[in-house]
Every structure is written in C-alpha cells, then in structure tokens.
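The following paragraphs explain a protein structure step by step, from its overall fold to its metal site and to several individual residues. Please keep the sequence and the coordinates at hand while reading.

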Amino acid sequence: MSAVSTIEWTEEFARAVDRLIDVSVDDYYNPYRTFEWPESIAPNDLWMSRELLSVHGTAAEKELSHEQLVELSRWESVNLYSLIAHGIRELLIEVMRRIHTPGYEIPTPYFHHFIGEENEHMWFFAEFCLRYAGRIYPDRRMVFPTDERAPEMNNFIVFSQILIFEQIGDYFNAKMAADTDLPETVRAVNRIHHRDESRHIAFGGKLVKALFEEVRRTHSPEEVEEVGQYLRGYIDLIIQMLYSRDAYQDAGIPNPTKFRAAVIADPARAPITARITERTNNFYRRIGLFH
Ligand SMILES: [Fe+2]
Ligand SMILES: [Fe+2]
C-alpha cells in the first residue's frame, strides 16, 4: 500500500485537528436547504468580478463590448466552478485512499468532515452550472502523481496539490463573496465555499508542513529541489486552466484559440498571476521549499 505514512504527528497538529473538527461541527449546514436557487440570474449583470476575468488588464479586453464582457463573465464563472467540481472529485479520491489507513490515525477524524464538506461543494458548484448554464465544462485534467515516487514524497505531492488548488480557488471565492455588484446567488455559493475552505486551508497547511518535514528527513536536497519544480509546474497548470478556450468560444469570441494565446501572453497578466499565487508562494517559501 503505497500511501502508508510513517509520519510522526506533533501534539500541536493533533490539537489543531481537534479544533478544526469542533468548528466544522458548529458551522455545519444543510447545503440542500441553504441556497435559494432563483429561476434565473440577472442576465445583464456580470457573474464574475471584472478584475477576476482572465482578460482583465489586457489589450484584448479593450476590444470587447460591455455585452461581450458580461457574456464572458458568465462562461468564465462556469469554467471556474467546473474546475472546482472536477478538482474536488480528484482530491476526494486521494483522501478516500488514505482515510483509516496506517499512519493517518490522527488526521482521519478530520478527513470525515473534509470528505463530507467537499461532496457538498461539488454538488452546489455543479448545481449552479447545470441550472444556469445547462452544462459543466469537461475535465481538462488535474494530475495527481502515479505511484512511481516514494510514498512520503507521493503523500507530500498529493496534499500539496490539494492545498494549492484550494488556495487558488479561494482567491476567487473570497473576492466574489465580497463583491456587492454580483448577483446574490453568485455571492452566496462563493461565500459558503470560502467559509468552509478557510478550515480546509488551515488544515492543509499544517498537514503539508508535517509531510514536508518528513520528505526533508528522508530525501536528498536534489530530490527536494525536483519536487519544488514539480509543484511550480502544478501551479502553472492551474493558472493555465483559468484561461478557458471553451469559455471564450461560448462567449462568442471569434477564433478562441488565438484569443486565448494572446491573453495568456499579455504582459499585463504577470502581476495579476503573481497576486493569485501569492499566498501559495509565500507558504512554500515559509516551509523552505521555494526560495
Ligand atoms: Fe471545497
Ligand atoms: Fe476544501
């Protein structure tokens, strides 16, 4: 069983797990009764904050009419929620593989809450897409490593990918929850998700830090450097998926492939990407993986 963990969890980690479980229990809600789900959502309003659109700041943005931006905001929000739903499926598979296995006795009680909450998130994001856009975009892949690596390295990568995915998603959720110009249903799904994710991210940070200490004890500096490169590639992959050819096409933009390439290459995007990934980069600098 390759997922076996030999890690020694600290007292502090065990206490944090207990605390997060208490908060999960106190914050528990019935997602199937939480949302209003109106018949339709204001078709003339932006569904995604202007500054979160993938075209924000670019030369291409200036070529779009207000109507096109509104249309794009609808399809980019569908892309974001589709990414989240697909990402959740993949991360649930990995957490399921580890719950109640040797080495995971301490985090396992929290995994139950995590799994339950993520199933509900997947439901409400998919529900939003299906109700208001009639579709979920297909999975453009969330790669979790195969079992070629040592188990402790594999565990570190898997939980890092979950943390990175949650931190980047939360950048969008937090901003959209706070944006009073967005329709209430849009704000509500983002707000509820942001609240639950703040616990998952707190847990993930502690878990990944502990797993990284194990990796550093058992692997050469070169191997540690290599896994750092791997995770940087994963961050890039998530960023790339925010530029959705499907969304450009559904928004009626001519030649969406060419449009996507131009938007990604626009120099205005680099500082925006730096902000989106700032929390993740700071975290990996703090634990000593990124320099
Ligand atoms: Fe979630
Ligand atoms: Fe989560």
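Helices (H or I, at least four residues) and strands (E, at least two) are DSSP runs, numbered from the N terminus. Glu213, for example, is found in helix 7. The model is a predicted one, in which local features need pLDDT of at least 70 and side-chain atom pairs count only at pLDDT 80 or more, while totals for chains, interfaces and linings use all residues. Residues are numbered from 1 along each chain as its sequence is written, chains are lettered from A and ligands numbered from 1 in the order in which they are written, and side-chain values use heavy atoms, with hydrogens and water left out.

The overall architecture comes first. The chain has 12 helices and 0 strands, and its pattern along the sequence reads α-α-α-α-α-α-α-α-α-α-α-α. How does the radius of gyration of the chain compare with that of a compact globule? For 291 residues such a globule would have a value near 19 Å, and the 20 Å of the chain agrees with this. The radius is taken over C-alpha atoms, and the globule rule is 2.2 Å times the number of residues to the power 0.38. Along its principal axes, the C-alpha trace spans about 55 × 45 × 30 Å.

Burial is expressed through relative accessible area: buried means under 20%, exposed over 50%, and partly exposed in between (1.4 Å probe, protein chains only). By this criterion, 56% of the 291 residues count as buried. The accessible surface of the chain comes to about 13300 Å², and carbon and sulfur atoms contribute 53% of it; such areas come from the Shrake-Rupley method with a 1.4 Å probe, and for residues only the protein chains shown count as cover. Contact means heavy atoms within 4.5 Å. Among contacts between residues at least 6 apart in sequence, 81% join residues at least 24 apart.

Attention now turns to the metal site. Which protein atoms serve as donors of the iron ion (ligand 2)? They are OE atoms of Glu118 and Glu166, two OE entries from Glu197, and ND1 of His200, lying 1.8 to 2.3 Å from the ion. Donors are N, O and S atoms within 2.8 Å of the metal (3.2 Å for Na, K and Ca); water is not among the atoms, so sites may look incomplete. The sequence spacing of the donor residues is E-x47-E-x30-E-x2-H. Glu118 also forms a bridge between the iron ion (ligand 2) and the iron ion (ligand 1), which lie 3.2 Å apart.

Two of these donor residues, Glu197 and His200, share helix 7 (residues 184-218), where they are 3 residues apart, about one turn of the helix. Glu197 counts as buried because its relative accessibility is 1%, and His200 is likewise buried, with a relative accessible area of 1%.

Helix 7 also holds Thr185, which counts as buried because its relative accessibility is 11%. Leaving aside neighbours within four places in sequence, Thr185 is in contact with Trp37, Pro38, Ile41, Phe128 and Tyr132. Glu213, by contrast, counts as partly exposed at 36% relative accessibility. Its C-alpha atom lies 9.1 Å from that of Ile7, although Glu213 and Ile7 are 206 residues apart in sequence.

Trp37 is found in the loop between helix 2 (31-34) and helix 3 (59-62). Trp37 has a positive phi of about 45 degrees although it is not a glycine. Is Trp37 buried or exposed? At 11% relative accessibility, Trp37 counts as buried. A positive phi, near 60 degrees, also occurs at His100, which is found in the loop between helix 4 (66-98) and helix 5 (108-133). His100 counts as exposed, with 60% relative accessibility.

Helix 4 contains Glu76, a residue buried at a relative accessible area of 4%. Not counting residues up to four places away in sequence, Glu76 touches Met48, Leu53, Ser54, Leu242, Ala247 and Tyr248. The C-alpha atoms of Glu76 and Asp250 are separated by 9.5 Å, with their positions 174 residues apart along the chain counted as their sequence distance. His86 lies in helix 4 as well and counts as buried at 12% relative accessibility. Under the same exclusion of residues up to four places away, His86 touches Ile136, Tyr137, Pro138 and Asp139.
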